[in-house]
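This briefing is for a reader who is new to the structure. Please look through the sequence and the model first, then use the points below as a guide.

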Amino acid sequence: MAETKVHAGSPALFSLYKMGKFDLSHRVVLAPLTRCRAVNGNPVEAHALYYSQRATHGGFLISEATNISETANGYPNLPGIYTEEQVVAWKKVVDAVHAKGSVFFCQLGHVGRASHQVYQPDGGLPISSTSKPISEKWDILLPDGTHDAYHSTPRALETYEISQVVEHFRQSAINAIRAGFDGVEIHGAHGFLIDQFLKDGVNDRVDEYGGSLENRCRLLMKVVEAVVAVIGAERVSVRISPATEFNDATDSDPLGLGLAVIERLNKLQLKLGSKLANLHVTQPRFIFSVGNEEEEAKFMRTLRNAYKGTFIASGGFTRELGIKSVEEGEADLISYGRFFISNPDLVLRFKLNAPLNKYDRKTFYTNDPVVGYTDYPFLTQASDEN
(Lines give C-alpha, C1' and ligand atoms only; values in the text may rest on other atoms or scores of the structure.)
Protein backbone atom coordinates (compact mmCIF):
# COMPACT_ATOMS: atom_id res chain seq x y z
CA MET A 1 0.00 0.00 0.00
CA ALA A 2 1.37 3.42 -0.94
CA GLU A 3 2.25 5.80 1.87
CA THR A 4 -0.54 8.26 2.58
CA LYS A 5 0.51 11.90 2.60
CA VAL A 6 -1.12 14.24 5.11
CA HIS A 7 -1.33 17.66 3.56
CA ALA A 8 -0.72 20.98 5.27
CA GLY A 9 -3.86 22.04 7.07
CA SER A 10 -4.66 18.49 8.18
CA PRO A 11 -6.11 18.18 11.68
CA ALA A 12 -3.62 18.52 14.53
CA LEU A 13 -4.39 14.92 15.58
CA PHE A 14 -2.09 13.92 12.71
CA SER A 15 0.67 16.43 13.38
CA LEU A 16 4.16 15.83 14.72
CA TYR A 17 4.72 15.86 18.46
CA LYS A 18 7.81 15.61 20.63
CA MET A 19 7.09 13.61 23.78
CA GLY A 20 10.27 14.28 25.71
CA LYS A 21 13.00 12.28 23.98
CA PHE A 22 10.52 10.60 21.61
CA ASP A 23 9.57 12.06 18.22
CA LEU A 24 6.01 11.11 17.32
CA SER A 25 4.54 11.45 13.82
CA HIS A 26 0.93 11.75 15.01
CA ARG A 27 -1.15 12.02 18.19
CA VAL A 28 -3.17 8.77 17.99
CA VAL A 29 -2.08 6.39 20.77
CA LEU A 30 -2.89 2.72 21.29
CA ALA A 31 -4.42 2.61 24.76
CA PRO A 32 -3.50 -0.23 27.15
CA LEU A 33 -6.07 -2.97 26.55
CA THR A 34 -6.49 -6.21 28.47
CA ARG A 35 -6.77 -8.93 25.80
CA CYS A 36 -6.19 -12.22 27.71
CA ARG A 37 -4.06 -13.98 25.08
CA ALA A 38 -0.94 -14.86 27.06
CA VAL A 39 0.05 -18.48 27.71
CA ASN A 40 1.29 -19.32 31.20
CA GLY A 41 1.94 -15.65 31.83
CA ASN A 42 4.04 -15.23 28.69
CA PRO A 43 3.28 -13.22 25.54
CA VAL A 44 3.41 -15.38 22.42
CA GLU A 45 3.80 -15.00 18.66
CA ALA A 46 0.24 -13.70 18.33
CA HIS A 47 1.15 -10.74 20.57
CA ALA A 48 3.95 -9.75 18.20
CA LEU A 49 1.54 -9.81 15.27
CA TYR A 50 -1.23 -7.98 17.15
CA TYR A 51 0.94 -5.11 18.32
CA SER A 52 2.94 -4.80 15.09
CA GLN A 53 -0.34 -4.62 13.13
CA ARG A 54 -1.20 -1.50 15.12
CA ALA A 55 2.27 0.04 14.91
CA THR A 56 3.10 2.96 12.64
CA HIS A 57 6.31 4.82 12.06
CA GLY A 58 6.48 7.41 14.80
CA GLY A 59 3.41 6.02 16.55
CA PHE A 60 3.05 5.46 20.29
CA LEU A 61 1.74 2.16 21.69
CA ILE A 62 1.08 1.18 25.30
CA SER A 63 0.92 -2.50 26.15
CA GLU A 64 -1.89 -4.25 27.96
CA ALA A 65 -1.68 -4.18 31.75
CA THR A 66 1.23 -6.46 32.58
CA ASN A 67 1.51 -8.16 35.96
CA ILE A 68 4.36 -7.08 38.23
CA SER A 69 4.16 -10.09 40.55
CA GLU A 70 2.34 -13.35 41.20
CA THR A 71 -0.26 -11.54 43.32
CA ALA A 72 -0.98 -8.90 40.64
CA ASN A 73 -3.29 -11.01 38.46
CA GLY A 74 -7.05 -10.71 38.18
CA TYR A 75 -7.81 -11.91 34.65
CA PRO A 76 -7.24 -15.14 32.74
CA ASN A 77 -4.20 -15.33 30.46
CA LEU A 78 -2.55 -12.04 31.37
CA PRO A 79 1.17 -11.59 30.67
CA GLY A 80 3.69 -10.70 33.33
CA ILE A 81 7.07 -8.98 33.38
CA TYR A 82 8.51 -10.39 36.62
CA THR A 83 10.29 -13.55 35.40
CA GLU A 84 13.22 -14.01 33.04
CA GLU A 85 11.06 -16.13 30.73
CA GLN A 86 8.57 -13.27 30.44
CA VAL A 87 11.33 -10.77 29.67
CA VAL A 88 12.61 -12.96 26.84
CA ALA A 89 9.10 -13.48 25.47
CA TRP A 90 8.30 -9.75 25.52
CA LYS A 91 11.52 -8.95 23.64
CA LYS A 92 10.16 -10.67 20.53
CA VAL A 93 7.01 -8.56 20.72
CA VAL A 94 8.94 -5.34 21.27
CA ASP A 95 11.28 -6.11 18.37
CA ALA A 96 8.29 -6.56 16.04
CA VAL A 97 6.87 -3.18 17.09
CA HIS A 98 10.22 -1.41 16.77
CA ALA A 99 10.63 -2.87 13.28
CA LYS A 100 7.60 -0.78 12.32
CA GLY A 101 9.13 2.35 13.85
CA SER A 102 6.82 2.78 16.86
CA VAL A 103 7.56 3.83 20.42
CA PHE A 104 6.38 1.13 22.84
CA PHE A 105 5.74 1.44 26.60
CA CYS A 106 4.85 -1.44 28.94
CA GLN A 107 1.98 -0.76 31.33
CA LEU A 108 2.89 -2.11 34.77
CA GLY A 109 -0.12 -3.15 36.80
CA HIS A 110 -1.42 -4.81 39.93
CA VAL A 111 -5.18 -5.35 40.27
CA GLY A 112 -5.20 -5.42 44.07
CA ARG A 113 -8.63 -6.40 45.40
CA ALA A 114 -10.02 -6.70 41.83
CA SER A 115 -8.97 -10.32 41.85
CA HIS A 116 -10.15 -13.71 43.07
CA GLN A 117 -8.51 -16.46 45.08
CA VAL A 118 -8.37 -18.61 41.96
CA TYR A 119 -5.76 -16.19 40.59
CA GLN A 120 -3.73 -15.88 43.78
CA PRO A 121 -0.70 -17.98 44.79
CA ASP A 122 -1.86 -20.94 46.89
CA GLY A 123 -5.42 -19.58 46.80
CA GLY A 124 -4.56 -16.66 49.08
CA LEU A 125 -6.60 -13.49 49.54
CA PRO A 126 -6.07 -10.59 47.10
CA ILE A 127 -4.16 -7.69 48.63
CA SER A 128 -5.43 -4.12 48.81
CA SER A 129 -5.47 -0.90 50.81
CA THR A 130 -8.58 -2.24 52.52
CA SER A 131 -10.40 -5.38 53.63
CA LYS A 132 -13.62 -4.17 51.97
CA PRO A 133 -14.60 -6.31 48.97
CA ILE A 134 -15.87 -4.97 45.65
CA SER A 135 -19.67 -4.96 45.59
CA GLU A 136 -21.80 -7.34 43.56
CA LYS A 137 -22.45 -4.49 41.15
CA TRP A 138 -19.26 -5.63 39.45
CA ASP A 139 -18.16 -9.07 38.29
CA ILE A 140 -14.92 -10.81 37.47
CA LEU A 141 -13.97 -12.96 34.50
CA LEU A 142 -12.85 -16.39 35.70
CA PRO A 143 -10.40 -18.76 33.97
CA ASP A 144 -13.21 -20.94 32.60
CA GLY A 145 -14.76 -17.94 30.79
CA THR A 146 -17.66 -17.47 33.19
CA HIS A 147 -18.37 -14.34 35.20
CA ASP A 148 -18.93 -14.17 38.95
CA ALA A 149 -19.09 -11.57 41.70
CA TYR A 150 -15.92 -10.57 43.57
CA HIS A 151 -16.51 -12.99 46.43
CA SER A 152 -12.94 -12.87 47.73
CA THR A 153 -12.54 -10.54 50.69
CA PRO A 154 -9.25 -8.70 50.21
CA ARG A 155 -6.47 -8.55 52.76
CA ALA A 156 -5.39 -5.04 53.72
CA LEU A 157 -1.62 -4.78 53.37
CA GLU A 158 0.35 -4.27 56.54
CA THR A 159 2.36 -1.05 56.43
CA TYR A 160 5.67 -2.90 56.27
CA GLU A 161 4.48 -4.91 53.25
CA ILE A 162 3.93 -1.86 51.04
CA SER A 163 7.65 -1.47 50.35
CA GLN A 164 7.56 -4.88 48.66
CA VAL A 165 4.86 -3.67 46.25
CA VAL A 166 7.05 -0.67 45.41
CA GLU A 167 9.96 -3.02 44.81
CA HIS A 168 7.88 -5.14 42.43
CA PHE A 169 7.07 -2.06 40.34
CA ARG A 170 10.74 -1.03 40.40
CA GLN A 171 12.07 -4.41 39.31
CA SER A 172 9.36 -4.80 36.66
CA ALA A 173 10.39 -1.44 35.18
CA ILE A 174 13.98 -2.67 34.96
CA ASN A 175 12.74 -5.87 33.34
CA ALA A 176 10.65 -3.93 30.81
CA ILE A 177 13.68 -1.91 29.69
CA ARG A 178 15.70 -5.13 29.48
CA ALA A 179 12.98 -6.52 27.21
CA GLY A 180 13.49 -3.51 24.94
CA PHE A 181 10.50 -1.37 25.85
CA ASP A 182 11.09 2.36 25.46
CA GLY A 183 9.45 3.08 28.80
CA VAL A 184 6.73 2.06 31.22
CA GLU A 185 3.33 3.32 32.26
CA ILE A 186 2.48 3.00 35.95
CA HIS A 187 -1.16 1.90 36.19
CA GLY A 188 -2.75 4.04 38.89
CA ALA A 189 -6.27 3.93 37.48
CA HIS A 190 -9.52 1.99 37.11
CA GLY A 191 -9.96 0.67 40.62
CA PHE A 192 -6.77 -1.38 40.69
CA LEU A 193 -4.22 -1.43 43.49
CA ILE A 194 -2.75 2.08 43.34
CA ASP A 195 -6.21 3.55 42.71
CA GLN A 196 -7.44 1.66 45.79
CA PHE A 197 -4.95 3.69 47.82
CA LEU A 198 -5.78 6.98 46.07
CA LYS A 199 -9.59 6.93 46.44
CA ASP A 200 -11.20 7.78 49.79
CA GLY A 201 -14.21 5.63 48.89
CA VAL A 202 -11.91 2.59 49.11
CA ASN A 203 -8.97 3.53 51.30
CA ASP A 204 -9.97 3.27 54.98
CA ARG A 205 -6.45 2.98 56.38
CA VAL A 206 -5.32 4.74 59.56
CA ASP A 207 -1.56 4.56 58.91
CA GLU A 208 0.59 6.89 56.79
CA TYR A 209 -1.03 5.53 53.63
CA GLY A 210 -4.59 6.50 54.53
CA GLY A 211 -6.72 9.47 55.50
CA SER A 212 -5.31 12.71 54.07
CA LEU A 213 -4.63 13.35 50.39
CA GLU A 214 -0.92 13.41 51.18
CA ASN A 215 -1.14 9.93 52.66
CA ARG A 216 -3.35 8.49 49.94
CA CYS A 217 -0.96 9.73 47.24
CA ARG A 218 2.02 8.23 49.06
CA LEU A 219 2.06 4.79 47.40
CA LEU A 220 1.78 6.23 43.88
CA MET A 221 4.56 8.70 44.50
CA LYS A 222 6.84 6.09 46.08
CA VAL A 223 6.31 3.88 43.01
CA VAL A 224 6.95 6.76 40.60
CA GLU A 225 10.11 7.83 42.44
CA ALA A 226 11.42 4.26 42.60
CA VAL A 227 10.82 3.64 38.91
CA VAL A 228 12.26 7.01 37.85
CA ALA A 229 15.39 6.27 39.86
CA VAL A 230 16.17 3.16 37.83
CA ILE A 231 15.03 4.00 34.27
CA GLY A 232 14.83 7.82 34.15
CA ALA A 233 11.89 10.21 34.23
CA GLU A 234 11.65 10.50 30.43
CA ARG A 235 10.78 6.79 30.25
CA VAL A 236 8.00 6.92 32.86
CA SER A 237 4.30 7.57 32.32
CA VAL A 238 1.56 7.66 34.95
CA ARG A 239 -2.08 6.79 34.36
CA ILE A 240 -4.86 7.95 36.69
CA SER A 241 -8.67 8.03 36.59
CA PRO A 242 -9.79 10.29 39.46
CA ALA A 243 -13.40 10.58 38.24
CA THR A 244 -13.86 6.98 37.13
CA GLU A 245 -15.83 4.72 39.48
CA PHE A 246 -14.80 1.41 37.93
CA ASN A 247 -14.70 -1.45 40.46
CA ASP A 248 -16.27 0.73 43.20
CA ALA A 249 -13.26 3.07 43.13
CA THR A 250 -15.03 6.28 44.17
CA ASP A 251 -13.73 9.49 45.65
CA SER A 252 -15.60 12.31 47.38
CA ASP A 253 -13.60 14.94 45.45
CA PRO A 254 -12.31 13.58 42.12
CA LEU A 255 -11.02 16.95 40.91
CA GLY A 256 -9.23 17.57 44.19
CA LEU A 257 -7.64 14.12 43.97
CA GLY A 258 -6.52 14.63 40.39
CA LEU A 259 -5.01 18.01 41.20
CA ALA A 260 -3.26 16.58 44.28
CA VAL A 261 -1.58 13.89 42.15
CA ILE A 262 -0.61 16.47 39.53
CA GLU A 263 0.81 18.84 42.14
CA ARG A 264 3.08 16.07 43.40
CA LEU A 265 4.14 15.00 39.91
CA ASN A 266 4.94 18.60 38.99
CA LYS A 267 7.04 19.00 42.14
CA LEU A 268 8.91 15.78 41.38
CA GLN A 269 9.64 16.94 37.83
CA LEU A 270 10.92 20.26 39.12
CA LYS A 271 13.13 18.50 41.65
CA LEU A 272 14.50 16.14 39.00
CA GLY A 273 14.97 18.84 36.41
CA SER A 274 13.36 16.43 33.96
CA LYS A 275 9.79 15.75 32.91
CA LEU A 276 7.99 12.44 32.91
CA ALA A 277 7.08 11.01 29.52
CA ASN A 278 3.42 11.86 30.09
CA LEU A 279 0.39 11.88 32.36
CA HIS A 280 -2.41 9.69 30.99
CA VAL A 281 -5.90 10.52 32.31
CA THR A 282 -9.13 8.62 31.73
CA GLN A 283 -11.97 11.07 31.39
CA PRO A 284 -15.24 10.54 33.30
CA ARG A 285 -17.24 9.28 30.29
CA PHE A 286 -15.18 6.07 30.33
CA ILE A 287 -17.79 4.64 32.71
CA PHE A 288 -19.93 7.34 34.29
CA SER A 289 -20.47 10.99 33.53
CA VAL A 290 -19.84 13.61 36.21
CA GLY A 291 -22.91 15.42 34.88
CA ASN A 292 -22.72 16.43 31.23
CA GLU A 293 -20.21 16.90 28.44
CA GLU A 294 -19.54 20.51 29.38
CA GLU A 295 -18.71 19.54 32.97
CA GLU A 296 -16.53 16.66 31.76
CA ALA A 297 -14.65 18.96 29.41
CA LYS A 298 -14.12 21.48 32.22
CA PHE A 299 -12.87 18.70 34.51
CA MET A 300 -10.31 17.51 31.95
CA ARG A 301 -9.22 21.05 31.01
CA THR A 302 -8.54 21.84 34.66
CA LEU A 303 -6.28 18.81 35.00
CA ARG A 304 -4.63 19.42 31.66
CA ASN A 305 -3.88 23.07 32.50
CA ALA A 306 -2.44 22.09 35.88
CA TYR A 307 -0.04 19.44 34.60
CA LYS A 308 3.37 20.62 33.39
CA GLY A 309 4.09 18.11 30.66
CA THR A 310 2.63 15.87 27.98
CA PHE A 311 -1.03 15.13 28.68
CA ILE A 312 -2.83 12.11 27.20
CA ALA A 313 -6.62 11.90 27.37
CA SER A 314 -8.56 8.66 26.94
CA GLY A 315 -12.07 7.30 27.25
CA GLY A 316 -14.89 7.55 24.73
CA PHE A 317 -13.07 9.52 22.04
CA THR A 318 -14.18 9.44 18.41
CA ARG A 319 -12.07 10.78 15.55
CA GLU A 320 -13.89 14.11 15.70
CA LEU A 321 -13.63 14.45 19.48
CA GLY A 322 -9.93 13.62 19.31
CA ILE A 323 -9.34 16.25 16.66
CA LYS A 324 -11.27 18.81 18.67
CA SER A 325 -9.46 18.01 21.90
CA VAL A 326 -5.99 18.37 20.37
CA GLU A 327 -6.82 21.47 18.34
CA GLU A 328 -8.33 23.21 21.36
CA GLY A 329 -5.34 22.34 23.53
CA GLU A 330 -7.24 20.03 25.87
CA ALA A 331 -4.77 17.19 25.30
CA ASP A 332 -1.50 16.61 23.50
CA LEU A 333 -2.24 12.99 22.60
CA ILE A 334 -5.42 10.89 22.48
CA SER A 335 -5.46 7.18 23.31
CA TYR A 336 -7.98 4.89 21.67
CA GLY A 337 -9.05 1.44 22.79
CA ARG A 338 -12.07 -0.25 21.23
CA PHE A 339 -11.55 1.38 17.81
CA PHE A 340 -7.94 0.17 17.80
CA ILE A 341 -9.03 -3.36 18.66
CA SER A 342 -11.14 -3.64 15.51
CA ASN A 343 -9.05 -1.39 13.25
CA PRO A 344 -5.36 -2.31 13.22
CA ASP A 345 -4.83 0.51 10.71
CA LEU A 346 -6.81 3.02 12.76
CA VAL A 347 -4.34 5.85 12.16
CA LEU A 348 -4.70 5.53 8.39
CA ARG A 349 -8.49 5.26 8.61
CA PHE A 350 -8.62 8.37 10.79
CA LYS A 351 -6.36 10.29 8.39
CA LEU A 352 -8.57 9.40 5.44
CA ASN A 353 -11.78 9.68 7.48
CA ALA A 354 -12.56 6.18 6.22
CA PRO A 355 -15.23 3.85 7.63
CA LEU A 356 -14.26 1.79 10.69
CA ASN A 357 -14.67 -1.93 11.30
CA LYS A 358 -17.18 -2.68 14.04
CA TYR A 359 -15.76 -4.30 17.15
CA ASP A 360 -17.14 -7.48 18.68
CA ARG A 361 -17.25 -7.27 22.48
CA LYS A 362 -17.73 -11.03 22.78
CA THR A 363 -14.15 -11.60 21.59
CA PHE A 364 -12.41 -8.88 23.62
CA TYR A 365 -11.30 -11.26 26.39
CA THR A 366 -11.26 -14.69 24.78
CA ASN A 367 -8.00 -16.63 24.56
CA ASP A 368 -8.18 -17.25 20.80
CA PRO A 369 -4.89 -16.08 19.23
CA VAL A 370 -6.63 -15.08 15.99
CA VAL A 371 -10.38 -14.48 16.33
CA GLY A 372 -11.10 -10.99 17.58
CA TYR A 373 -7.37 -10.39 17.92
CA THR A 374 -5.37 -10.46 14.69
CA ASP A 375 -8.14 -11.10 12.14
CA TYR A 376 -9.73 -7.65 11.83
CA PRO A 377 -9.30 -6.49 8.20
CA PHE A 378 -7.14 -3.62 7.02
CA LEU A 379 -8.45 -0.86 4.78
CA THR A 380 -8.18 -1.57 1.06
CA GLN A 381 -7.49 1.50 -1.06
CA ALA A 382 -8.63 1.13 -4.63
CA SER A 383 -6.51 4.13 -5.64
CA ASP A 384 -3.33 2.18 -4.82
CA GLU A 385 -4.29 -0.51 -7.28
CA ASN A 386 -4.82 1.88 -10.20
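A residue counts as buried when its relative accessible area is under 20%. L61 has 1% relative accessibility, so it counts as buried. The model is a predicted one. The points below go from L61 and helix 1 to a helix pair, a cavity, a loop and a residue ahead of strand 1.

**L61 and its surroundings**
- L61 is part of strand 4.
- Leaving aside residues up to four places away in sequence, L61 touches L30, Y51, R54, A55, V97, S102, V103, F104 and F105.
- One of these contacts, Y51, is ten residues from L61 in sequence, and the two C-alpha atoms are 8.1 Å apart.

**Helix 1**
- Helix 1 covers residues 45-53, and seven of its nine residues are buried, so this helix is largely enclosed by the rest of the structure.
- The buried residues of helix 1 are A46, H47, A48, Y50, Y51, S52 and Q53.
- They pack against three strands and two helices: strand 3 (28-30), strand 4 (60-62), strand 6 (103-109), helix 2 (84-99) and helix 10 (338-342).
- Y51 is thus among the buried residues of helix 1, and Y51 is also touched by L61 of strand 4.

**Helix 3 and helix 6**
- Two packed helices are described by the angle between their axes and the distance between the axes.
- For helix 3 (residues 162-178) and helix 6 (residues 218-231), the angle is about 35° and the axes are 9 Å apart.
- Their crossing is right-handed.
- Helix 3 contributes I162, V166, F169, R170, A173, I174 and I177 to the contact, while helix 6 contributes L219, K222, V223, A226, V227, V230 and I231.
- Sorted by class, this contact has twelve nonpolar residues, two charged residues and no polar ones.
- An α-helix has 3.6 residues a turn, so residues three or four places apart point the same way.

**The cavity**
- How many cavities of 30 Å³ or more does a search of the whole structure find? The search finds one.
- The volume of the largest cavity is about 60 Å³.
- Its lining is made up of T34, A65, N67, Y75, L78, G109, H110, V111, H187 and F192.
- That lining has five nonpolar and five polar residues, with no charged residues.

**The loop between strand 12 and helix 7**
- Most residues other than glycine have a negative phi.
- N247 is not a glycine, yet its phi is positive, at about 60°.
- D248 is likewise not a glycine, and its phi is positive, at about 65°.
- N247 sits in the loop between strand 12 (236-240) and helix 7 (254-272), and D248 is found in the loop between strand 12 and helix 7.
- N247 has a relative accessible area of 2%, so it is buried.

**P11, ahead of strand 1**
- P11 belongs to the segment before strand 1 (17-19).
- Is P11 buried or partly exposed? Its relative accessibility is 22%, so P11 counts as partly exposed.
- P11 and G322 are 311 residues apart in sequence, while their C-alpha atoms are 9.7 Å apart in space.
- With residues up to four places away in sequence left out, P11 touches R319, I323 and E327.

Technical notes. Residues numbered from 1 in each chain as written. Predicted model: local features only at pLDDT ≥ 70, side-chain atom pairs only at ≥ 80, totals over all residues. Heavy atoms only, no water. Helix = DSSP H or I, 4+ residues; strand = E, 2+ residues; numbered from the N terminus. Buried < 20%, exposed > 50% of the residue type's maximum accessible area, 1.4 Å probe, protein only. Contact = heavy atoms within 4.5 Å. Axes fitted to C-alpha atoms, helices over the stretch in contact; angles between N-to-C directions. Left-handed = near helix turned anticlockwise from the far one by under 90°. Nonpolar A, V, L, I, M, F, W, Y, C, P; charged D, E, K, R; others polar. 1 Å grid on protein atoms, 1.4 Å probe; cavity = no way out; pocket = protein on both sides within 12 Å on 5 of 7 lines; lining within 4 Å. Points joined across faces, edges and corners; volume = space filled by probe spheres on them.
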